[in-house]
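Trainee: Could you show me how to read the features of a protein model?
Mentor: Happily! Let's have a look together.

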Amino acid sequence: QVQLVESGGGSVQEGGSLRLSCAASSRINDDSAMYWYRQTPGNQRELVARLGSNGNTNYADFVKGRFSISRDDPKNMVYLQMNNLKPEDTAVYYCALSRRRSDIPHSWGQGTQVTVSS
């Protein structure tokens, strides 16, 4: 099973930017979908962004126009560019990967903390 490791989290002031990275331990298949989720204490994990195997992207309403998901297959990397960050974006962010020809997250990273202060 592929291992995923997130990085790039940290503390930033409101309005700032961060780029999260997700490194996969092996090749990301073309027919796998990639995701970024986030979770705050006491709440369920929620979908932030999805990048389908066909290149289509989907974003949660609360990040549309501010976040962007992308992938670099030769490097086995997935990114989440986060701009105009708000305090309510504070959460642990997780990347996930589906099985081939699936659109259900299967493999998960350990998460990276993002803290946005006002």
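**Rings, charges and loops**

Mentor: Keep in mind that this model is predicted. A good place to begin is the aromatic cluster made up of Y35, Y37 and W108.

Trainee: How many aromatic pairs does the structure hold?

Mentor: Two aromatic pairs. To describe a pair of aromatic rings, we give the distance of the centres and the angle of the planes. Y35 and Y37 form one such pair, with 6.2 Å from centre to centre and 55° between the planes.

Trainee: Why is the pair of Y35 and Y37 called tilted?

Mentor: Planes under 30 degrees apart count as stacked and those over 60 as edge-to-face, so the 55° of Y35 and Y37 makes their pair tilted.

Trainee: Are Y35 and Y37 buried or exposed?

Mentor: Both Y35 and Y37 are buried.

Trainee: Which ring has the charged end of R45 over it, 4.8 Å from its centre?

Mentor: That is the ring of W108, a member of the cluster with Y35 and Y37. R45 also lies over the face of Y94, at 3.7 Å from the ring centre.

Trainee: And the loops? Where is N84?

Mentor: N84 belongs to the loop between β8 (77–82) and β9 (91–98). Its phi is near 50°, a positive value in a residue other than glycine. R101, in the loop between β9 and β10 (105–108), has a positive phi too, near 55°.

Trainee: Why does R101 count as exposed?

Mentor: Exposed means over 50% relative accessible area, so R101 qualifies at 68%. N84, at 41%, is partly exposed.

Key
Residues are numbered from 1 along each chain as its sequence is written. This is a predicted model: local features need pLDDT of at least 70, side-chain atom pairs count only at pLDDT 80 or more; totals for chains, interfaces and linings use all residues. Side-chain values use heavy atoms; hydrogens and water are left out. Rings of Phe, Tyr and Trp (its six-membered ring) pair if their centres lie within 6.5 Å; planes under 30 degrees apart count as stacked, over 60 as edge-to-face and the rest as tilted. Buried means under 20% relative accessible area, exposed over 50%, partly exposed in between (1.4 Å probe, protein chains only). A charge sits over a ring if NZ of Lys or CZ of Arg is within 6 Å of the ring centre and within 35 degrees of the ring normal. Helices (H or I, at least four residues) and strands (E, at least two) are DSSP runs, numbered from the N terminus.
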